[in-house]
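Visitor: I have a structure on my screen and I would like to learn how to read it. Can you take me through it, feature by feature?

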Amino acid sequence: MVTSRLLMIAVLILPLLFTISSHSQQLPDTLPLTKSGDIPLQMVAGINSFLLKETESTIQNRASKWHRDLSSTAAYLESIAPNRQHFSKLLGITESRLPPEMHINASFRVGSSGETGVVGLGAGYKIYSVRWNVLPGVDGEGLLLTPLKKPIANIIALPDCDWSPEMLCGLTAGVSEKSQFARRLAENGCQVLIPMLINRKNTYSGIPGAGTTNEPHREFLWRAAYEMGRGIIGYEVQKTLSAADWFESQGNNSKSKNRIPLGIIGYGEGGLIAMYSAAADQRFDAAVVSGYFKPREQLWKEPIYRNVFGILAEFGDAEIASLIAPRSLIVEASRHPNISGPPKSGGNQAAPGSINTPIIEDVKSEYSRAAGFINGLPSAHPFKLDVIQNGAGDPADESTLSDFLKSLGV
């Protein structure tokens, strides 16, 4: 991806160089270009090597942008407030969201009662098809699993973007029963909202009647938003935070005497959105990030829709995790769906990029960095790393969900 872009730059610059060299008069303090071989490729290789070294050096350079004060919780939160504000700005989540309104999709009716909007019934809970407003022209939609009794916790559950909300609660096939963490949390008495994320297919990538592209939907939207300082990540974080707004509007705000704890859990691409949401918004009492957490210095090898301009200069996964402290963070080392590249059909316009299960040693090293940032912070909930089958097991293990509920105090 880097090489192809730099090659385009070389093609634009080289004619200028050759024009200058064609003049007989030599510029002062210069020497003739005497290199042999393929000069454009040599130049691209040199630029590529420079950029890779600069990217790797961001780990050490980030320290100058942080001034964590571990003397107290209040001091810590104040010291990282500028970083949180900058993080939100990079994601493009600075706009004020619309007042939260949750609408039930009235076209669905199931069961003997024929209740409007109910798409399924579970053990002690109902499943509603819902939509909520986020920004002008931007809505969120998904499923709401509501227990028949007062919920013990409110949870936002984010599946990998290729998993539908229906798959995460067992209404349709595609996810093993063990990994249907939305269903399992609802069966334990939680109210669970499952937002639908934009998937990696390319069904609608293109212009009707003009042609299609093999860009995944996430990339297709990312390209349209990037020039405006926005991205698919920021929009989905806004959808998630709008869902938190709705939970708060139901009398469950920080001043409520009987406040119900609010948690967030995500897997795969949903793990990314869950971690970013909890870092940006302090209302989440605990977060679970499954199958995603690792060093990001090779982010350029991942799909381009994960790109946030300038983020590595200040934020790796460990630094983002430190924005969640002193609240609870559980990192679950589990397998990630294998994404070998963009869709094969529709052309060849998509940027290259793949996603694999994080190497367990990488997960542990990045987790160690995150834990080190808050070591000594009083009253902080300790971060926790749950390793499932050496990092290759299915997500939402029993131990992880148990730790999650405990961290919420239920």
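Guide: We will go through strands, helices, rings, charges and contacts in turn. One caution before we start: this is a predicted model.

Visitor: Let us begin with strands. In which sense do β13 and β14 pair?

Guide: Strands can run side by side in a parallel or an antiparallel sense. Strand β13 covers residues 328-333 and strand β14 covers residues 384-387. They pair in the parallel sense, over four bridges. Look at I330 to see one of them: its bridge partner in β14 is K384.

Visitor: What handedness does the unit of β13, α11 and β14 have?

Guide: Follow the path from one strand, over the helix, to the other strand. Here helix α11, residues 360-373, belongs to the unit with β13 and β14. This β-α-β unit is right-handed.

Visitor: And how do β4 and β5 run?

Guide: Strand β4 (residues 118-122) and strand β5 (residues 125-135) run antiparallel, joined by four bridges. Find G120, then look across to β5: I127 stands opposite. The two strands form a hairpin with two residues between them. Check the backbone at G124 as well, where phi is positive, near 90°.

Visitor: Now a helix. Which residues of α7 are buried?

Guide: Burial is judged by how much of a residue's surface is accessible. Helix α7 spans residues 217-226. Its buried residues are H217, R218, E219, W222 and A225.

Visitor: What covers the buried residues of α7?

Guide: The cover includes α8 (232-249) and α9 (269-280).

Visitor: How many salt bridges are there?

Guide: Start with the general idea. Side chains of opposite charge can pair when their charged atoms come close. In this model the count comes to 28 salt bridges. Take R218 and E236: their side chains meet at 2.9 Å, N to O. R218 lies in helix α7 and E236 in helix α8, so this pair ties together parts 18 residues apart in sequence. Both R218 and E236 are buried.

Visitor: What does D403 pair with?

Guide: D403 meets the side chain of K384 in a salt bridge, at 3.1 Å, N to O. D403 is in helix α12 (residues 398-407) and K384 is in strand β14, so the pair links parts 19 residues apart in sequence. You met K384 earlier, as the bridge partner of I330.

Visitor: Is D403 buried or exposed?

Guide: D403 counts as buried because its relative accessibility is 16%, and the cut-off for buried is under 20%. K384 has 35%, so it counts as partly exposed.

Visitor: Which residues are joined into a network by salt bridges that share partners?

Guide: The network joins D160, D162, R200, E269, R296, E302, R306 and D317. Zoom in on R296 and E302, whose side chains meet at 2.9 Å, N to O. R296 and E302 are both buried.

Visitor: Which ring does the charged end of R296 sit over?

Guide: A charge can also lie over the face of an aromatic ring. The charged end of R296 sits over the ring of Y292, 3.9 Å from its centre. For another case, R68 lies over the face of F373, at 3.9 Å from the ring centre.

Visitor: How many aromatic pairs are there?

Guide: The count comes to six aromatic pairs. In one of them, the rings of W246 and F247 have centres 5.3 Å apart and planes at 55°, so the pair is tilted. W246 and F247 are both buried. Elsewhere, ring pairs link W66, F87, Y276 and F315 into a cluster.

Visitor: Last topic: contacts across the chain. Which residues does A313 touch?

Guide: Set aside residues up to four places away in sequence. A313 then touches R62 and K65. A313 lies in the loop between β12 (286-290) and α10 (317-322). The C-alpha atoms of A313 and T58 are 5.6 Å apart, although 255 residues separate them along the chain.

Visitor: Where is R184, and what is R184 in contact with?

Guide: R184 is in helix α6, residues 181-187. R184 counts as buried, at 13% relative accessibility. Beyond its neighbours within four places, its contacts are E177, K178, A396, E398 and L401. R184 and L401 are 217 residues apart in sequence, yet 8.7 Å apart in space, C-alpha to C-alpha.

Methods: Residues numbered from 1 in each chain as written. Predicted model: local features only at pLDDT ≥ 70, side-chain atom pairs only at ≥ 80, totals over all residues. Heavy atoms only, no water. Buried < 20%, exposed > 50% of the residue type's maximum accessible area, 1.4 Å probe, protein only. Contact = heavy atoms within 4.5 Å. Pairing = 2+ DSSP bridges. Right-handed = clockwise from strand over helix to strand, strands pointing away. Phe/Tyr/Trp six-rings, centres within 6.5 Å; stacked < 30°, edge-to-face > 60°. Lys NZ or Arg CZ within 6 Å of the ring centre and 35° of its normal. Salt bridge = Lys/Arg side-chain N within 4 Å of Asp/Glu carboxyl O.
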